[in-house]
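Reader: I'd like a close look at one part of this model, the nonpolar core. Could you walk me through it and set it in the context of the whole chain?

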Amino acid sequence: FAGGDINKSGEKFDTSIKMGPNYLGTRVLKAELYWTKKSNKKEFVKELEAVLAMKEDIVAELMPENVLEKRKAKKLLAQKDELF
């Protein structure tokens, strides 16, 4: 994005996931923005399948957001052939 460093972006996504592993939105964004930019369909699918495998209520306060992120993950997986 805007001439940024894609590898540095990947590191930032990883840091964010480590700091907030129960918030699914970061993983969805990583799949959508990072793995598509890297043209890595395998990791894209792996990231989104990990989101779908996680419980959305692992942290009660994040449940509404995580439910939405799971919906986004399903939608992105359905579009994978269009995105790659």
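Reader: Before we get to the core, how much area does the chain expose, and what share of it do carbon and sulfur atoms supply?

Author: Sure, and keep in mind that this is a predicted model. The chain exposes about 5,700 Å², with carbon and sulfur atoms supplying 54% of that. As for what sits inside, buried residues make up 29% of the 84 residues.

Now the fold. You've got five helices and zero strands, so the radius of gyration is worth a look: at 13 Å it is close to the 12 Å that the globule rule gives for 84 residues, so the chain is as compact as a globular protein of that length. Along its principal axes, the C-alpha trace spans about 35 × 30 × 20 Å. Of the contacts with a separation of 6 or more, 57% come from residues 24 or more positions apart.

On to the core itself. The largest nonpolar core has 14 residues, and the ones that touch the most other members are Val28, Phe44, Leu48, Val51, Ala73 and Leu76. Three helices, α2 (25-37), α3 (41-53) and α4 (63-78), each supply at least two residues of this core.

Val28 is a good place to zoom in. Leaving out residues up to four places away in sequence, Val28 touches Leu48, Val51, Ala73 and Leu76, along with Glu69 and Lys72.

One last thing, on charge: the chain carries 17 positive and 14 negative charges, and their mean positions are 3 Å apart.

Key
Residues numbered from 1 in each chain as written. Predicted model: local features only at pLDDT ≥ 70, side-chain atom pairs only at ≥ 80, totals over all residues. Heavy atoms only, no water. Helix = DSSP H or I, 4+ residues; strand = E, 2+ residues; numbered from the N terminus. Rg over C-alpha atoms; globule rule 2.2 N^0.38 Å. Buried < 20%, exposed > 50% of the residue type's maximum accessible area, 1.4 Å probe, protein only. Contact = heavy atoms within 4.5 Å. Areas by Shrake-Rupley, 256 points an atom, 1.4 Å probe, with all protein chains shown as cover. Lys, Arg positive; Asp, Glu negative; His and termini not counted. Charge placed at Lys NZ, Arg CZ, Asp CG, Glu CD. Core = buried A, V, L, I, M, F, W, Y, C linked by side-chain atoms within 4.5 Å.
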